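Here's a quick briefing to read alongside the structure. It goes through the sheet, the helices packed on it, the spaces inside and a couple of single residues.

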Amino acid sequence: MTIKTAIVTGAGTGVGKAIAKALLAQGFKVALVGRRKELIEAAAKEVDSSGSNVLAVSADIGDPVAVAALFEKVKAAWGRLDVLVNNAGVGAPAIPLEELTPEHWHAVVASNLSGAFFCTQQAFKMMKAQTPHGGRIINNGSVSATTPRPNSSPYTATKHAITGLTKATALDGRPFDIACGQIDIGNASTEMTQYIQAGALQADGSKKPEATIDAKHIADAVAYMANLPLSANVLTMTVMATQMPFVGRG
């Protein structure tokens, strides 16, 4: 039986860990990737205590050399790659735009955009060369790409760019049976979004609690996308808390 394999970046916590768990439940072998070695190893042990179906890889995806090494590890272990989930992402401090430092900007771009691009490059190399060729790339976008929060320019700009990367990747991958789609998340409840339930800054300057949803719902949606035949693709999907102030004016 042919094994199904996946790489999930930013898999040490939150949405990424939930996605890894959901893919394992669907029969995938999963490489969990994150910058912090202890965290990613703990996550891998949590989602698969046997360790037989996971790889825990510590890597800075903003570094193309580290990304190439990551994909070589997956190739050596499993021989092929069926799904890449570009999930890793960070935000900058929620401060006025003019107070953000170049370091703030470059850190967000490296993680959210450059990292996704470098991983996509390596995935293309593997997916084109393997037999049978092809595979699927799923990018983590955000509703913030088109409806930003206040003081979020680096995050919003990179997530907007991810939409362009998704469409370009879907086009360039078409001749090689490489499908690419994007999931836009609205208020998944994770360590990063705890402040939302307490009170998030709104466009009018007020702070209001917002509804959130369990990250499992995001993971289930990604697992659905991952299991589609390569003849079908979800180009974009939005999974959001029904009661969040996203659709409409506030």
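Two strands count as paired here if DSSP finds at least two bridges between them. On that basis, this predicted model has an open sheet of seven strands in the order S3-S2-S1-S4-S5-S6-S11, and the pairing is parallel. Helices H3 and H7 both pack against strands of the sheet, and a search of the whole structure turns up one cavity of 30 Å³ or more.

**The sheet**

- The edges belong to S3 (54-58) and S11 (236-240). Each of these has a single partner strand, so one side of each goes without a neighbour in the sheet.
- Ignoring direction, neighbouring strands are turned against each other by 15° on average.
- For a look at one pairing, take S1 (residues 4-9) and S4 (residues 83-86): they run parallel and are joined by three bridges.
- In that pair, Val 8 sits opposite Val 85 of S4.

**Helices on the sheet**

- H3 (residues 64-78) packs on the sheet and touches S1, S2 (28-34), S3 and S4. The direction of H3 makes about 160° with that of S3.
- H7 lies across S2, S4, S5, S6 and S11. Against S6, H7 runs at about 165°.

**The largest cavity**

- The volume of the largest cavity comes to about 40 Å³.
- Which residues line the largest cavity? They are Val 15, Ile 19, Val 85, Asn 87, Ile 138, Asn 139, Asn 140, Ile 183, Ile 185, Ile 218 and Val 222.
- Two or more lining residues come from each of H1 (14-25), S5 (135-140), S6 (178-186) and H7 (215-226).
- S5 gives the largest share of this lining, with three residues.
- Sorted by class, the lining of the largest cavity has eight nonpolar residues, three polar and no charged.
- Val 85 turns up twice in this briefing: it stands opposite Val 8 in the sheet, and it is part of the cavity lining.

**The second largest pocket**

- This pocket holds about 250 Å³ of space.
- Its lining is made of 14 residues, and those nearest the centre are Ala 18, Lys 21, Asp 214, Lys 216 and Ala 219.
- H1, H2 (37-47) and H7 each give two or more residues to the lining of the second largest pocket.
- Which element gives the most to this lining? That would be H1, with six residues.
- By class, the lining of the second largest pocket splits into six nonpolar, two polar and six charged residues.
- H1 and H7 are worth tracing by eye: both are among the elements giving two or more residues to the cavity lining, and both do so for the pocket lining too.

**Two residues to look at**

- Gln 122 is in H4 (residues 102-129). Is Gln 122 buried or exposed? Its relative accessible area is 15%, and buried means under 20%, so Gln 122 counts as buried.
- Leaving aside residues up to four places away in sequence, Gln 122 touches Val 67, Ala 68 and Phe 71.
- Pro 245 is in the segment after S11. Its relative accessibility of 30% falls between the 20% and 50% cut-offs, so Pro 245 counts as partly exposed.
- From Pro 245 to Arg 80, the C-alpha to C-alpha distance is 42 Å, with their positions 165 residues apart in sequence.

Technical notes:
Residues numbered from 1 in each chain as written. Predicted model: local features only at pLDDT ≥ 70, side-chain atom pairs only at ≥ 80, totals over all residues. Heavy atoms only, no water. 1 Å grid on protein atoms, 1.4 Å probe; cavity = no way out; pocket = protein on both sides within 12 Å on 5 of 7 lines; lining within 4 Å. Points joined across faces, edges and corners; volume = space filled by probe spheres on them. Helix = DSSP H or I, 4+ residues; strand = E, 2+ residues; numbered from the N terminus. Nonpolar A, V, L, I, M, F, W, Y, C, P; charged D, E, K, R; others polar. Axes fitted to C-alpha atoms, helices over the stretch in contact; angles between N-to-C directions. Contact = heavy atoms within 4.5 Å. Buried < 20%, exposed > 50% of the residue type's maximum accessible area, 1.4 Å probe, protein only.
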